[in-house]
Amino acid sequence: MKQLLILLAFCSTLLSACGNAQVNGESSDEGSTEEKAKKNVSRRDYSITPDVAYSDLFLDSAALENFISTKSTPDSISRRMRSFYNTRNYQFAWFTSSGLTEQARGFWNLHDYHTSANSHDTVLHDKELEKRMDDLLAAESLSVKSSDAKSINTELALTQHFIQYMMAEFDGGYVKRKEMERFIPRKKEDAVYLADSLYNKKHKDNKYFEDVHRPYGLLKEQLGKYIEIVKAGGWQPIPAGTKTLRKGTSNPVIAVVKKRLQITGDLPVADSSYAFSDTLETAVKQFQARHGLTDDGIINAATIKEMNVPAEARLQQLLMNLGRMRWLPPDPSGKLILVNIPEFMLHVYEGKNRVFDMVVVVGKQGTNTTMFTGDLNQIVFSPYWNLPTSIVKNEVLPAMQRNPNYLDGQNMEIVSDKGDLPTIRQKPGPGNALGKVKFLFPNSFDIYFHDTPSKSLFERTKRAFSHGCIRLAEPEKMANYLLRDQPEWTPDRINDAMNAGEEKYVKLKDPVPVVITYYTAWVDDAGKLNFREDIYGHDKRLAAKMFPSSLQQNGASTKDSMAVAQR
């Protein structure tokens, strides 16, 4: 009898929700009347035009209806999809004309992690979409048009999966529709307005993130301070051309520096004198450490550059990084390896306890290390290096043309010479680019941890030099840590395997989650707010989409976008 009543209620809801309702409101999805169905679809926001929209691509509303019909999308999902795109005035959520948005990459990493961890959950498994996303994520560059049927289908499929994921995972299976619709930025908005809304309004989803992501809650606490700083006018910039200042000197500029450091709390005492005191040196060192600079207490050009970043830009940075933290899986209770790309550091956690940190080298500009989440499950001692096709094409083949003995000199060999490019690998040995060990966590980006013979790079303050993989300063320490629960792998045996010159794979008994992040703002374990340089330009591109002060025109035709937006 109970099943029959549920079936009748579902059929009633299905009939009452037909059509593209456009009435604002919030109520349960279980409504059985036309009035309740309309209240579960947000009003279309025609104020979102191409000039202020987050994306420069817009959908025709008929494309959504065609997708819903063709895919036989359940009413509980289709109604939320209509509401989702109404609030966006039918702009794309996951694409711009230049390719996938940062939110698309973040969601797909989370989606991929969820489906691999929950293989029994067939709802979110879609082989066609998975193949399409693998291709998009691997592409070096993309150009997307709002008229492209394949892109439209991918956009709508991602939205459907996003809604299904949110309904399944959030707070025991339910998240308010309006909260869900705020996850993807819709239009350029003032940073103070966005920060004030996030900081002061008790959104249900925000509380969720504070509960499952400690870094999110810590960073959100900083919003209130920076809202007030921006409202008060920020800080006075240090005059351009200021010479290097150090303890013991006296200069009118020092008073400006002191005021600047008082505002952010680095200098705890009020002091308007021109003297560079011990207290100021301590404050400068703290500021430098929080910004990834050499903390020598000397005010040089690099330190002044960081001091002169406007307060509003810092507030924008907080908001962008809070957004990134939303796309991470919940903090695990066990082991976790976290790499923060702009920090050039790896951190190992067990629950909330940080076990150790390690200096790393990440990808250089152009061969960026990608943000993603995976499971480290294998260690390879004395590895071969299978050269990526891009390196074979752009570096090795030209070198072979200049020097016929190049491969022998580099301890390399051709494995296969079929196809357009030969398959080349470097043999194990002292000069191997991967060093003596690598650590695998399967992903579609071919990124892993590894040793390196180029140890001097770890001494640099900024360490972006690799082709995308992550080089570890202490790989033997990592191997010993990961194998400590496998007693047959003693420290001596690990050392022998690293120096054997013969490749050997070892499977971990318990895989360890790996999170590769791109935080340019976060709160460290000492409670200090950190900022880092936007080494790949992710912040710059994201700010241009989110905030009016960064308003830029993208490549899509404004005229064409506007025409579609009004349909």
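How many bridges pair β6 with strand β14, and in which sense? In this predicted model, the count is nine, and the pairing of β6 with β14 (residues 504–517) is antiparallel. One of the matched positions puts L376 opposite V512 of β14. Strand β6 itself spans residues 372–381 and is mostly covered, with seven of its ten residues buried. β6 also has β10 (residues 437–440) as a partner, again antiparallel, this time through four bridges. Here V380 finds its bridge partner in K438 of β10. As a general point, strands of a sheet pair through backbone hydrogen bonds, and they can do so in parallel or antiparallel fashion.

A three-stranded sheet turns up as well. It is open, its strands come in the order β7-β9-β8, and the pairing is antiparallel. On the edges sit β7 (385–386) and β8 (412–416), each of which pairs on one side only. The link from β7 to β9 (residues 423–426) consists of two bridges, with the strands running antiparallel. Within that link, W385 is matched with Q426 of β9.

Turning to charged side chains, a search of the whole structure brings up 20 salt bridges. One of them joins D45 to K187, at 3.9 Å from N to O. Both ends sit in loops: D45 falls between α2 (34–39) and α3 (61–70), while K187 falls between α8 (177–181) and α9 (191–200), so this pair ties together parts of the chain that lie 142 residues apart in sequence. Neither loop position leaves its side chain in the open, as D45 and K187 are both buried.

A second salt bridge brings R324 and D539 together, with an N to O distance of 2.6 Å. This one runs from helix to helix: R324 belongs to α16 (residues 311–325) and D539 to α21 (residues 538–546), so the pair ties together parts that are 215 residues apart in sequence. R324 counts as buried because its relative accessibility is 7%, under the 20% cut-off. D539 is buried too, at 6% relative accessibility.

What about a pair that is partly exposed? D357 and R354 form a salt bridge at 3.5 Å, N to O. D357 has a relative accessibility of 27%, so it counts as partly exposed, and R354 falls in that class with a relative accessible area of 41%. Some salt bridges also share partners, and in this way D45, R186 and K187 are joined into one network. In general terms, side chains of opposite charge can pair when their charged atoms come close.

Finally, there is H291. This residue is placed in the loop between α14 (278–290) and α15 (301–307). Is H291 buried or exposed? With a relative accessible area of 4%, H291 is buried. Leaving aside residues up to four places away in sequence, H291 touches E306, R314, F531 and R532. For E306, which is 15 residues from H291 along the chain, the C-alpha atoms of the two are separated by 7.4 Å. Another of these contacts, R314, is part of the list that also takes in F531 and R532.

How values were computed: Residues numbered from 1 in each chain as written. Predicted model: local features only at pLDDT ≥ 70, side-chain atom pairs only at ≥ 80, totals over all residues. Heavy atoms only, no water. Salt bridge = Lys/Arg side-chain N within 4 Å of Asp/Glu carboxyl O. Buried < 20%, exposed > 50% of the residue type's maximum accessible area, 1.4 Å probe, protein only. Pairing = 2+ DSSP bridges. Contact = heavy atoms within 4.5 Å.
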